[in-house]
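Biologist: Got a minute to go through this model with me? I'd like to start with the ligands and then look at the domains.

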Amino acid sequence: MSLTENKKVLEFVEQSAELAQPEEIVWIDGSKAQIEKLKAQAVKSGELIKLNQKLLPDCYLHRTKVNDVARVEDRTFICTKKREDAGPVNYWMDPKQAYELAGEIARGRMKGKTMYVIPYSMGVVGSDFAKIGVEVTDSIYVVLNMCIMTRVGKMCLDSLGKNGDFIKGFHASCDIDAEKRYIMHFPEDNTIISVNSAYGGNVLLGKKCFALRIASYLGKTEGWMAEHMLILGVTFPDGEKKYVAAAFPSACGKTNLAMLIPPEHYTKKGFKVECVGDDIAWIRVGEDGRLWAVNPENGFFGVAPGTNEHSNFNALASTKQGTIFTNVALNTDDKTVWWEGLTKELPRHVIDWTGKPWDPDKFDKKDKSTCAAHPNSRFTAPAQNCPCVSPEFNSKKGVPLSAIIFGGRRASTTPLVYQSRDWNHGVFVGSAMSSETTAAAAGATGVLRHDPMAMKPFAGYHMGDYFAHWIEMGKKVKNPPKIFNVNWFRQDKDGNFMWPGFGDNMRVLEWILKRCDGKVGADETPIGFVPRAEDIDLTGLDYEISAGRPFGVEDLREILKIDKKLWAKEAEEIEGYYKGTIKDRIPEELWECLETLKKNCR
Ligand code: GTP
Ligand code: SPV
Ligand code: MN
């Protein structure tokens, strides 16, 4: 039975069914009873493995096909009428050709199966930010993940009314054939089509496909922003709260920063950090002339490896109930989960992410293929599980941003932190970001590439126009957030991280927020404002560097140093990217910043 009288929704469901020819159509109402029934069904079919219900109540493990473990950027398309509107860093397909191709691939592919119709909202239903999507899928795994990651149910359709518009999402698993895998976006039709995958960002269509690619396009036309950013709140000892948003590329530390536990020295003084979001921010100009942000999601699709009690206690705690694990290892002693970095000691009795027995004695840290959990294995956990979830999580108006932080994985060149001179220079800093690739996308890892604003894989239109939109937004806000850049990933000559990271990133956050209030000085350098080492509080820091001595102020000085020669090379690199890749649509303001950088490094 359908849950709505909205003709456009009914028509979309009908057309999808006509194409895929499912045996049955089931509307997802988000009720506990329906979800339980689907879980039972998935356990029976083997799609989910029920975990130890005492230790991990309502938790399940799912294994994907081995060829389907990450986003596939080279099979992800922006299908605009004009090729140039998709821009130089997106893969483009003609919409007509794309619909035809998808139709060919998906025709009749739900025969004998059930097609689930998921009405969902990105954002709190009824808020000015919220947008409704309807995803049809033949995968129970997708249904159950969407029920954690988004707000699902009839209220979404009710908020559409009889005539409201929504984002259409069509997903068919087909054969999980990597050669026929397509993730297609039609920003001009508010439509997404995904075939031949059943993994995370390729198929949970509310996430990267809608909330970033389609939404960034909507934001450009409607005057707001959809960004690959975490949002966190810092409470100061005097009770004041400030919010920051931070854009780091995939698997570069958003979930970890969003949930950080400050060092004891800070908690004793009364500092507190709370999480509003860990992956996506929708940002609008508020009546007060500031930027206000919401997290459109309702759960965390977080990287499992590396997560432990010490590195990210709050993320681990979030996974203790109602969580779906994907491609982690199964500890057969107690039917719990395991991944590299969860415990120091390797468990003896483990089934790896592919379903085969795993031999801990053959584990080699340096060889990813010997891992028990896939390097991009993930947990899907309800946000409300998180011990540090912000009271503003469900706020309809969002939170006001004091700072925006960019960052990536840079072994060299980029200092621990620096501040841009103003908004436009901050946009330049974001546009010039490079970061090493990670396991979150298929392909080689550890390769340095340009990833402007951490949006290279997610901007749903021309990257040059996207830069211009950032410049335009700066003109609309009377009190824009200050813009910073951080790098937690500087390495010494032996490849060891030079900064402790994780909870100790609080020390950098404090400097950033003090800068926003003009409460601390900085050195003016060719690239912007850099902290004086004495101004970053190292009290109680307990970190041994690779040389075997405690991290000290001289080590901090080292990772704050600006090497003019390296930055002159960096400027050349950025110029090459602007001229060779983005080309013609780069706003004048950014060219000016590039010239300044070049001049400063001479
Ligand atoms: P997506 O969900 O793919 O968008 O990733 P993310 O940006 O949320 O990254 P996440 O916080 O999950 O971190 C990814 C990896 O980086 C994990 O293996 C972390 O252990 C590691 N990491 C996060 N923060 C730090 C840090 O401050 N220092 C170091 N050295 N590693 C970190
Ligand atoms: C990312 O890759 O940035 C993720 C995971 O957050 S996915 O949902 O697969 O895109
Ligand atoms: Mn992400």
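Modeller: Sure. An oxygen atom of ligand 1 sits 2.8 Å from a polar backbone atom of Thr255, which falls under polar contact, meaning a pair of N or O atoms within 3.5 Å; within protein, one must be able to donate a hydrogen and the other to accept it, and residues adjacent in sequence count only if both atoms are side-chain atoms. Keep in mind that this is a predicted model: local features need pLDDT of at least 70, side-chain atom pairs count only at pLDDT 80 or more, and totals for chains, interfaces and linings use all residues. Residues are numbered from 1 along each chain as its sequence is written, chains are lettered from A and ligands numbered from 1 in the order in which they are written, and side-chain values use heavy atoms, with hydrogens and water left out.

Biologist: What does the side chain of Lys254 do with ligand 1?

Modeller: An N or O atom in the Lys254 side chain is 2.7 Å from an oxygen atom of ligand 1. There's also a polar backbone atom of Pro305, at 3.3 Å from an oxygen atom of ligand 1.

Biologist: How many residues surround ligand 1?

Modeller: 21, with Ala251, Lys254, Thr255, Asn256 and Arg378 the closest. A residue is near a molecule if one of its heavy atoms lies within 4 Å of it.

Biologist: And which residues surround ligand 2?

Modeller: Among them are Arg71, Tyr199, Lys207, Lys208, Phe301 and Arg378. Gly201 puts a polar backbone atom 3.0 Å from an oxygen atom of ligand 2. From side chains, an N or O atom of His228 is 3.3 Å from a ligand 2 oxygen, and a polar atom of Asp279 is 3.4 Å from one.

Biologist: Switching topic: where are the domains?

Modeller: Domain 1 is 7-47 + 72-223, domain 2 is 300-385 and domain 3 is 402-600. Those bounds come from an automatic or database domain assignment.

Biologist: How much area do domain 1 and domain 2 bury between them?

Modeller: About 800 Å², 69% of it on carbon and sulfur atoms. Buried area is the accessible area (1.4 Å probe) that two parts lose on being put together, summed over both.

Biologist: Which domain 1 residues lose the most area to domain 2?

Modeller: Tyr141, Ile148 and Tyr199, together 59% of what that side buries.

Biologist: How many salt bridges between domain 1 and domain 2?

Modeller: Zero, counting a side-chain nitrogen of Lys or Arg within 4 Å of a carboxyl oxygen of Asp or Glu. Three residue pairs are in polar contact across that interface, though, both at pLDDT 80 or more.
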